[in-house]
Amino acid sequence: MDRIQDMEVFRRVAELSGFSAAADSLGLPKATVSGAVRRLEDRLGTRLLHRTTRRVRLTRDGEAFYQRCRDLLADFEELETLFLSGDEALSGVIRIDMSHGILQTMILARLPEFLDAHPLLNVEMSTTDQFVDLVRGGFDCVFRVGELGDLNLAARRLGRLPFISCASPAYLRRHGVPRTLDDLRRHRMVHYVGHLGANDPGFEYPVRDGYGLLPMQGALTVNHVHAYEAAALAGIGIIQAPEARMRQLIETGDMVEILPEYRPRPLPVSVLHQGRRHLARRTLAFMDWAQSVIAPILANDRQPPGSSAAPAGPDGAHQ
C-alpha cells in the first residue's frame, strides 16, 4: 500500500471506530488494515489510536491527523479528476441512504439514467425510515423526510413533500366514507411511529394558525413505511402518506383519497453530507441529479404551513 491508501484506511478505521468494521467496508483483510495504521504511526512517530478489546478511538494526535487527512484525501480525489471530462470524469463508489418511500417512488425508476451517464460509477444504496449515522455508516450522503433537528452535518433542503389521507376501497365499504373530521371518531387509523412503544398523535389537519391533531383509535401500530402502506391496502385503517406514492395507488383503484380539504402538513426533504469541503465530485453529481428528479414532486419550501382559510377542527384537537 502507498501512503494515500494507508491514509484512506486510517480514515475509515477512525470513522467506524474499529479495525474489523473498516476491513469489511473496504473489502480488505483485517491484518492489512492493522498494518496500514501501524505504518502510519511508525512514519509519524506518534500513536493515532487508543486500542481496546471492544473498540478503538482517536488520540489527540490522531484527531488532528484525521482532520488533515480527510481534507487531503478530498483534495487528492479532486486532483485526480481535474482534467477528465464526460463519462470518464466520475468513478468509484457512492454510498447513499434514503427512506424507502423516496427510493421507490422517486429515484429507482430514474436511476438507470444516472448510471448510464456515468458508467464507471457504482452506487451502494441503503434504505431505512430511521436516521442513520452518516459517518459510522460510511455514507457519502443521506436523504431524509422530516425535520432534522440539531445535526452537526451540512444539509441541503430540497423542498416539502405533500401528504394526503387515504384508505382502501374495502375499508370504506365496511366503515363508510368520512366527510367531516367529526366522522373520524367512528373510524380507525393505522398508527405509524419511529420506534415501537411510542405514541402516534393521530390524524393531522390544518387549522387557522398551523395544524391540529385528532387522536384516533386503531388496532395496528407499525414502524416501517412498507408495513404502513400494506396495512392500508389490507383495509385495516386510514393512513396519511406521501401524495406521490398514493397517487399511483389511487390511479389503479387500490386507494381512495379522503378529506382532501384536511391535508396534513407537507414535510421537508433534505440531503445531508459532511460539507462541501469534503464532498467528492461523484457525490455532488448524484445529489444534483437526485434533486432534479425529486424537485417536480415537491412543494415550494417557502409554502406556509397553514392557511388562514383552513377550517378549525373539533374541540381539543388543536396542536
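This is a short walk through one protein structure, and the model is a predicted one.

I'll start with the overall numbers. The protein has 319 residues, and 45% of them count as buried. Its secondary structure comes to 10 helices and 14 strands. If you take the contacts with a separation of 6 or more, residues 24 or more positions apart account for 76% of them. The protein exposes about 16,500 Å², and carbon and sulfur atoms supply 50% of that area.

Now to helix H4. Helix H4 covers residues 60-80, and Leu-72 is found in it. Which residues make a nonpolar surface patch with Leu-72? They are Phe-76 and Leu-79, and the patch is about 260 Å². Leu-72 has a relative accessibility of 40%, so it counts as partly exposed. Asp-71 is also found in helix H4. Asp-71 has a relative accessible area of 22%, which makes it partly exposed. Along the chain, Asp-71 and Leu-279 are 208 residues apart, yet their C-alpha atoms are separated by 9.8 Å.

Helix H4 also takes part in an aromatic pair. A search of the whole structure finds six aromatic pairs. In one of them, the ring centres of Phe-10 and Phe-65 are 5.4 Å apart and the planes are at 55°, so this pair is tilted. Phe-10 lies in helix H1, residues 3-16, and Phe-65 lies in helix H4, so the pair ties together parts that are 55 residues apart in sequence. Are these two residues buried or exposed? Both Phe-10 and Phe-65 are buried. Elsewhere, one aromatic cluster is formed by Phe-114, Phe-143, Phe-286 and Trp-289.

Next is helix H9, residues 243-251. Its buried residues are Glu-243, Arg-245, Met-246 and Leu-249. Looking down the axis of H9, these buried residues fall within an arc of 160°, so they line one face of the helix. The general background is that an α-helix has 3.6 residues a turn, so residues three or four places apart point the same way.

What covers the buried residues of H9? The cover includes helix H5 (100-107), strand E7 (163-167), helix H8 (225-233) and strand E12 (239-242). For a closer look at helix H8, take Glu-229, which lies in it. Glu-229 counts as buried because its relative accessibility is 14%, and the cut-off for buried is under 20%. Leaving aside neighbours within four places in sequence, Glu-229 is in contact with Ile-239, Arg-245, Met-246 and Leu-249. Arg-245, Met-246 and Leu-249 are among the buried residues of H9 just listed. Just after H9 comes Gly-253, which takes a positive phi of about 85°.

That leaves the salt bridges. A search of the whole structure finds 16 of them. I'll go through a few.

Glu-124 forms a salt bridge with Arg-95, and the closest N and O atoms are 2.9 Å apart. Glu-124 is in strand E4, residues 121-127, and Arg-95 is in strand E3, residues 92-98, so the pair ties together parts that are 29 residues apart in sequence. As for exposure, Glu-124 is partly exposed at 36% relative accessibility, whereas Arg-95 is buried, with a relative accessible area of 19%.

Another salt bridge joins the side chains of Arg-265 and Glu-204, at 3.0 Å from N to O. Which parts of the chain does this pair tie together? Arg-265 lies in the loop between strand E13 (256-258) and strand E14 (267-273), while Glu-204 lies in strand E9, residues 203-207, so the parts tied together are 61 residues apart in sequence. Arg-265 counts as partly exposed at 23% relative accessibility, and Glu-204 counts as buried at 14%.

The side chains of Glu-113 and Arg-110 also meet in a salt bridge, with a distance of 2.5 Å from N to O. Glu-113 is partly exposed, with a relative accessible area of 40%, and Arg-110 is partly exposed at 35% relative accessibility.

Last, there is a network of salt bridges that links Glu-243, Arg-247, Glu-257 and Arg-263. Glu-243 brings us back to helix H9, where it is one of the buried residues.

Notes
Residues numbered from 1 in each chain as written. Predicted model: local features only at pLDDT ≥ 70, side-chain atom pairs only at ≥ 80, totals over all residues. Heavy atoms only, no water. Helix = DSSP H or I, 4+ residues; strand = E, 2+ residues; numbered from the N terminus. Buried < 20%, exposed > 50% of the residue type's maximum accessible area, 1.4 Å probe, protein only. Contact = heavy atoms within 4.5 Å. Areas by Shrake-Rupley, 256 points an atom, 1.4 Å probe, with all protein chains shown as cover. Patch = residues over 30% accessible without salt bridge, like charges linked within 9 Å, V, L, I, M, F, W, Y side chains within 5 Å. Salt bridge = Lys/Arg side-chain N within 4 Å of Asp/Glu carboxyl O. Arc of directions from axis to C-beta. Phe/Tyr/Trp six-rings, centres within 6.5 Å; stacked < 30°, edge-to-face > 60°.
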